[in-house]
Amino acid sequence: MNTKRSRVQTLRAVVQWVMFILVAAIALVKYLKESGVVIPLPEISLHAVCPFGGVVTVYEFLTTGGLIQKLHSSALVLMALGLVVAFFFGPIFCGYFCPLGTWQEWIGKLGKRIFKRKYNRLLPSFIDKYLRYLRYIVLVLVVYQTAVTAKLVFADVDPYYALFNFYTGEVALSALLILAAVTVLSLFVERPWCKYFCPYGALLGLFNLIRVFPVRRREETCINCKKCDVACPMNIKVSTAKAVRDHQCISCHECLSGVACPVEDTVIISSAKGGRQA
Amino acid sequence: MKIRPQTAIVLSILFVLAGILGSWALGWWQTQTDRTPQRLESQRLEDMTSPSQAGAYDPDDIRGSYTFEDINRFYEVPLADLAAAFTVDTDRAAGFKVKDFETIFPDPDGEIGTSSMKLFVAWYKGLPYELKEESFLPAPAAAILREKAEITLEQEEYLNTHTLETQE
């Protein structure tokens with residue numbers, strides 16, 4: 001079990017580190033080249049490699065054939081690829097690739113040391129469960145405002161852009177304040193941005209309802225230890241479901257057999273149809 | 001069908017890489033914008049002050065990321081006039097970006113910005129330009145337009161009410 005566990009989590013950590021360094025390097029190269037430093041690398045904007053850019057410019061693309069200022073066709077390509085991946089395996093982008101999610105997890109490790117088992121369970125559930133739908137409002141507002149203004153309105157509040165460009169002087173104060181708030185909140189709540197505000201996570205999360213390969217729990221072998229529930233950063237009750245169809249699942253695979261689940265072949269990824277869903 | 005998480009991740013990564021490679025091969029993978037501005041649409045040519053400007057670049061496509069050198073190259077406005085109009089030191093004018101106006105015109109309302117440059121270039125070159133927002137010009141820019149451009153009475157009236165004094 002330990003070998004399997006280390007493989008999945010190690011793979012995830014490696015992917016997260018690679019993505020974080022890659023995005024940081026892209027932002028740094030652009031900044032240095034704009035500052036006049038000669039570097040034999042292409043100058044790529046972070047907006048060009050953000051799949052959410054593709055989401056907000058879809059309306060512009062469909063109605064005029066063009067893109068919102070600052071965006072590039074690569075964002076549309078990444079959006080399409082991300083949606084296909086989510087259709088099969090869920091929001092793997094969130095659980096593995098998103099550097100802002102990784103940043104929150106890193107800060108969260110400090111929070112876990114401080115609050116121990118209370119970490120990520122400090123917010124009353126009756127507030128938490130309603131706040132989880134806030135990100136859909138954010139998604140609708142951002143897409144609508146972008147369509148109406150034809151401007152990248154989200155950039156002014158985007159903590160992802162702020163995280164990698166805070167030193168460039170090009171980040172709006174509002175985005176820096178939101179990044180600071182997300183960072184502080186991560187000490188109390190795991191992935192607060194993902195849970196309550198992320199519009200791209202909201203969109204990808206919907207694919208949990210229809211994904212081909214959801215997380216499934218085999219009742220016949222489950223020992224009801226609830227370790228899967230404790231491991232889930234999004235507080236999903238995996239232990240009460242046959243198939244995890246929760247819109248908040250980020251496909252981090254922390255709940256699976258060989259990772260959190262101590263019983264082999266019990267919490268798995270499978271296309272076989274199950275019964276009750278979480 | 002059961003699938004291992006490692007398999008799901010590897011398949012996802014391979015799919016994304018293949019998608020990027022495929023879109024690159026098809027010419028869909030663009031991570032940089034063509035810095036060349038669009039040319040004026042043919043239906044707008046009849047609005048132009050000077051027919052000799054046919055095929056000129058559209059001043060409305062001036063972007064905040066353009067340097068004065070870009071504007072000089074595309075719109076053929078002398079660097080010296082751009083520097084004088086917007087009170088930028090001549091030795092750093094070539095690399096000065098339009099979006100950096102806020103560093104020299106720290107007006108809380110941001111009245112001198114990219115649209116001011118669009119307006120200045122359009123009127124300087126006698127190109128059609130539709131004002132979409134209220135744009136202001138620094139006093140030296142207005143003076144240069146009055147001296148070197150063929151501005152209309154209507155434009156003169158606009159300058160009279162949309163010129164801001166700058167600190168030397």
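These legends walk you through a few close-up views of a predicted model.

**View 1. Cysteines without a disulfide partner.** Counting over all chains, the structure holds 0 disulfides. Start with A:Cys252, whose closest cysteine sulfur belongs to A:Cys232; at 6.0 Å the two are too far for a bond, because a disulfide needs its sulfur atoms within 2.5 Å. A:Cys252 is also buried, at 8% relative accessible area. Now look at A:Cys261: the closest cysteine sulfur is that of A:Cys225, and here too 6.0 Å is too far for a bond. A:Cys261 is buried as well, with a relative accessibility of 7%.

**View 2. The largest nonpolar core.** This core has 75 residues, and those touching the most other members are A:Leu46, A:Phe52, A:Ile92 and A:Phe164. Helix α4 of chain A (residues 73-89) supplies the largest share, 8 residues.

**View 3. Around A:Phe164.** Leaving aside residues up to four places away in sequence, A:Phe164 touches A:Phe20, A:Val23, A:Ala24, A:Ala27, A:Leu46 and A:Pro99.

**View 4. A second, separate core.** Here you can find 39 residues, among them B:Leu82, B:Ala93, B:Val121 and B:Tyr158.

**View 5. Helix α6 of chain B and its cover.** Within this helix (residues 139-148), B:Ala139, B:Ala141, B:Ala142, B:Ile144 and B:Leu145 are buried. As you trace the helix, keep in mind that an α-helix has 3.6 residues a turn, so residues three or four places apart point the same way. The cover over the buried residues of α6(B) includes the chain B helices α3 (79-85), α5 (114-125) and α7 (153-161). Strands β2 (137-138) and β3 (163-164) of chain B are also part of that cover.

Terms used. Residues are numbered from 1 along each chain as its sequence is written. Chains are lettered from A and ligands numbered from 1 in the order in which they are written. This is a predicted model: local features need pLDDT of at least 70, side-chain atom pairs count only at pLDDT 80 or more; totals for chains, interfaces and linings use all residues. Side-chain values use heavy atoms; hydrogens and water are left out. Buried means under 20% relative accessible area, exposed over 50%, partly exposed in between (1.4 Å probe, protein chains only). A nonpolar core is a set of buried Ala, Val, Leu, Ile, Met, Phe, Trp, Tyr and Cys residues joined through side-chain atoms within 4.5 Å. Helices (H or I, at least four residues) and strands (E, at least two) are DSSP runs, numbered from the N terminus. Contact means heavy atoms within 4.5 Å.
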